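Please open the model in your viewer and keep the selection panel at hand. The stops below go from one selection to the next.

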Amino acid sequence: MIIRKTLQLCLVLVSSLALIGCVEISEEITISPDGSCDVVLDVGMTQQMIEMAKAGGEESPFDKAVFEKELGADPNVKEFKVEERTEEGMSHMVVRATYK
């Protein structure tokens with residue numbers, strides 16, 4: 001029983017180490033005195049992680065059209081811009097939005 005729990009713990013630790021560096025997230029929020037806010041969300045993933053998500057039956061986490069549709073439907077979003085870029089082997093989706 002102790003060996004099984006130890007093996008499970010080792011598996012979790014090795015899996016966690018394998019994922020280090022596969023995802024980067026940066027978020028900036030600026031709140032104005034009038035209560036509006038500007039948000040910049042930058043999510044970066046390795047191509048390997050994107051392919052793993054697709055293989056698992058999930059939609060691509062970087063579908064620009066989905067971001068634009070959801071932001072466009074939000075009545076609290078005053079304006080937005082969605083950008084895609086690749087940097088150091090990572091695909092990034094950068095969303096800039098101003099909320100009322």
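A polar contact, a term needed at two of the stops, is a pair of N or O atoms within 3.5 Å; within protein, one must be able to donate a hydrogen and the other to accept it, and residues adjacent in sequence count only if both atoms are side-chain atoms. The model is predicted, so local features need pLDDT of at least 70 and side-chain atom pairs count only at pLDDT 80 or more, while totals for chains, interfaces and linings use all residues. Residues are numbered from 1 along each chain as its sequence is written, and side-chain values use heavy atoms, with hydrogens and water left out.

Begin with the whole chain, coloured by pLDDT, the predictor's confidence in each residue on a scale from 0 to 100. The mean is 79, and 75% of the residues reach 70 or more. The chain has 3 helices and 4 strands, in the order α-β-β-α-α-β-β from the N terminus on; helices (H or I, at least four residues) and strands (E, at least two) are DSSP runs, numbered from the N terminus.

Next select helix α1, residues 2-19, which has the lowest mean pLDDT among the elements, 48, whereas strand β3, residues 77-87, has the highest, 92. Over residues 9-14 the pLDDT is below 50, and this stretch has 0 contacts beyond near neighbours in sequence, a contact being heavy atoms within 4.5 Å. Where pLDDT is low, the predicted coordinates should not be read in detail.

Now select strand β4, residues 90-99. Of its 10 residues 8 are buried, so β4 is largely enclosed by the rest of the structure; buried means under 20% relative accessible area, exposed over 50%, and partly exposed in between (1.4 Å probe, protein chains only). Add strand β2, which pairs with β4 in the antiparallel sense over 10 bridges, and then β3, which pairs with β4 in the antiparallel sense, also over 10 bridges; two strands count as paired if DSSP finds at least two bridges between them. To check the register, note that Asp 42 stands opposite Val 94 in β4, and that the bridge partner of Glu 84 in β4 is Met 93. Between β3 and β4 there is a hairpin with 2 residues between the strands, and Glu 88 in the turn has a positive phi of about 50°.

Which residue's side chain makes a polar contact with the side chain of Asp 42? Select His 92, in strand β4, whose side chain makes this contact at 2.7 Å. His 92 counts as buried, because its relative accessibility is 5%, and its contacts outside its neighbours within four places in sequence include Glu 24, Phe 62 and Arg 85.

Stay in β4 and move to Thr 98. A polar contact of 2.7 Å joins its side chain to that of Asp 38, and Thr 98 counts as buried at 14% relative accessibility. Leaving aside neighbours within four places in sequence, Thr 98 is in contact with Cys 37, Asp 38, Asn 76, Val 77, Lys 78 and Glu 79.

Finally, show the side chains of the largest nonpolar core, which has 11 residues, among them Cys 22, Met 45, Ile 50, Phe 62, Val 82 and Val 95. Such a core is a set of buried Ala, Val, Leu, Ile, Met, Phe, Trp, Tyr and Cys residues joined through side-chain atoms within 4.5 Å. At least two of the core residues come from each of β2, α2, β3 and β4.
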